[in-house]
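User: Could you teach me how to read a fold like this one, feature by feature? I would like the general idea each time, and then the case at hand.

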Amino acid sequence: MSVLAADNVTRHYKIGGRHVLKAVDGVSFELLAGRTLAVVGESGCGKSTLARLCALMEPPTAGAISIAGKPTAANQSLQLQNQMVFQNPYGSLNPRRTIGAILVEPLTINNRGSKPERIAAARRMLDRVGLRPEAFDRYPHMFSGGQRQRVAIARALMLSPAVVTADEPVSALDVSVQAQVLNLMRDLQDELGIAYLFISHDISVVRHMAQDVLVMYCGRPAEQGLRGEVLDRPLHPYTRMLLSSTPFVDPARRRMTMPVRGELPSPIDPPPGCAFNTRCPYAADRCTVERPALRSVESRLVACHFAEKIATEAPI
Ligand SMILES: Nc1ncnc2c1ncn2[C@@H]1O[C@H](COP(=O)(O)OP(=O)(O)O)[C@@H](O)[C@H]1O
Ligand code: SF4
Ligand SMILES: [Mg+2]
């Protein structure tokens, strides 16, 4: 069952009255129950904007989001089905409220259960995310970043959503704590069957978490499909470049990568044709005039004119 779907979703911002910044420009995907779709790409490629659109925090300028198979345009109540966990565990929890109050609040706002039932549900959730019962009466500043992120996850789960959108949920945490929080998210997924829209710039985290991967460049999908296809046999030069930043043990996979070069172009004035042409070692004349369509090549979708050639060529 599709719990979250994006159909050609677009978000353009007007900048200074004259320019249009295409933060998200034609993204489609389907997220099935109990699965994780990772959205990956460099900072500024539109990941957080896509997350906000999917969590119905702002409307798309074009295209449509569906939750549980229903179009969300006229039905904001579907928002309850997609809860959000943010990157910054220090800013996302109200410092003046106890952890217990933070967890009870979504139930109160949505008239779920009696007061004792809400408190009992919040206490059960604390236990589920691995926090001690005493946490209930304590304030966010008394906890570490990893513990606060456990609270943020607990809060997101209080209304039993079908999807949790997590925007770089471990990027602000120490590496030693990251794995604990990621493993907690995976355990909760196994236990509750929730789906994750998992936003990350870190390929090794994505590899650990997701079955499906969407690689974004300048607001557009570059490559998307099953993790085993996209990350183990990448066809888009940009995916190969992203992969070069992760250590591999397997030399066959290392050959599938290429060095990072150049920088992300200005999102207000991206290069014509394929936006990656300023950094791409395969770029040809065609790439500067014709934007590559997203199309099916070797069991995944890829937006590159030369994907077939790159697939057969010795990796550089
Ligand atoms: N509310 C906004 N108004 C104008 N520009 C925005 C807004 N939100 C994001 N952007 C721009 O959209 C682009 C994508 O941003 P973002 O979605 O935050 O990317 P990421 O999360 O991948 O780093 C960036 O160039 C950013 O400056
Ligand atoms: S379309 Fe051209 S510039 Fe774009 S990724 Fe493919 S080869 Fe590189
Ligand atoms: Mg972001």
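Analyst: Happily! Let's begin with a small example: strand 4 (residues 62-67) runs antiparallel to strand 5, and two bridges join them. Within strand 5, Pro71 is the bridge partner of Ser66. Strands here are DSSP runs of E with at least two residues, helices are runs of H or I with at least four, and both are numbered from the N terminus. Two strands pair if DSSP finds at least two bridges between them. Keep in mind that this is a predicted model, where local features need pLDDT of at least 70, side-chain atom pairs count only at pLDDT 80 or more, and totals for chains, interfaces and linings use all residues. Residues are numbered from 1 along each chain as its sequence is written, chains are lettered from A and ligands numbered from 1 in the order in which they are written.

User: Which sheet holds strand 4 and strand 5, and in what order do its strands come?

Analyst: They belong to an open sheet of four strands, ordered 2-1-4-5, with antiparallel pairing. Strand 2 and strand 5 (70-71) are at its edges; each has a single partner strand, so one side of each has no neighbour in the sheet.

User: And how do I read the sheet of eight strands?

Analyst: Follow the order from one edge to the other. This open sheet runs 6-7-8-3-9-10-12-11, and its pairing is mixed. Its edge strands, which pair on one side only, are strand 6 (82-85) and strand 11 (295-297). From one strand to the next, the twist averages 20°.

User: What links strand 9 to its neighbour strand 10?

Analyst: Six bridges do, and the two strands run antiparallel. Asp212, for instance, stands opposite Leu226 of strand 10. The pair forms a hairpin with two residues between the strands, and in that turn Cys218 has a positive phi of about 50°. On to the next neighbour: strand 10 (residues 220-226) is joined by two bridges to strand 12 (residues 300-302), also antiparallel, with Glu223 partnered by Val302.

User: Is strand 10 largely enclosed or open?

Analyst: Count neighbours to decide. A residue is buried if 20 or more other C-beta atoms, placed from the backbone, lie within 10 Å of its own, exposed if 12 or fewer do, and partly exposed in between. Strand 10 has six buried residues out of seven, so the rest of the structure largely encloses it. Ser171 makes a good contrast case: it is partly exposed because 14 other C-beta atoms lie within 10 Å. Ser171 sits in the loop between strand 7 (163-167) and helix 5 (175-192).

User: Which helices lie across the sheet strands, and at what angles?

Analyst: Axes are lines fitted to C-alpha atoms, for helices over the stretch in contact, and angles go from 0 to 180 degrees between N-to-C directions. Helix 1 lies across strand 3 (36-40), strand 6, strand 7, strand 8 (195-200) and strand 9 (212-217), at about 155° to strand 8. Helix 4 (residues 145-157) lies across strand 6 and strand 7, at about 170° to strand 6.

User: What do the buried residues of helix 2 pack against?

Analyst: An α-helix has 3.6 residues a turn, so residues three or four places apart point the same way. In helix 2 (residues 99-109), Ile99, Ile102, Leu103 and Val104 are buried. Those buried residues pack against helix 3 (115-128) and helix 4, where contact means C-beta atoms, placed from the backbone, within 7 Å. After helix 2 comes Asn111, with a positive phi near 55°.

User: Which elements give two or more residues to the shell around ligand 1?

Analyst: A residue joins a shell if its C-beta atom, placed from the backbone, lies within 6 Å of the molecule. Around ligand 1, the residues include Tyr13, Gly44, Lys47, Ser48, Thr49 and Pro267. The elements giving two or more are strand 2 (19-32) and helix 1 (47-54), and helix 1 gives the most, with three residues.

User: How does the shell around ligand 2 divide by residue type?

Analyst: It has 10 nonpolar residues, two polar and no charged. Cys274, Cys280, Cys287, Cys304 and His305 are among them. The shell around ligand 1 has five nonpolar, six polar and one charged. Nonpolar covers Ala, Val, Leu, Ile, Met, Phe, Trp, Tyr, Cys and Pro, charged covers Asp, Glu, Lys and Arg, and the others, Gly among them, count as polar.

Note on methods. Two residues are in contact if their C-beta atoms, placed from the backbone, lie within 7 Å.
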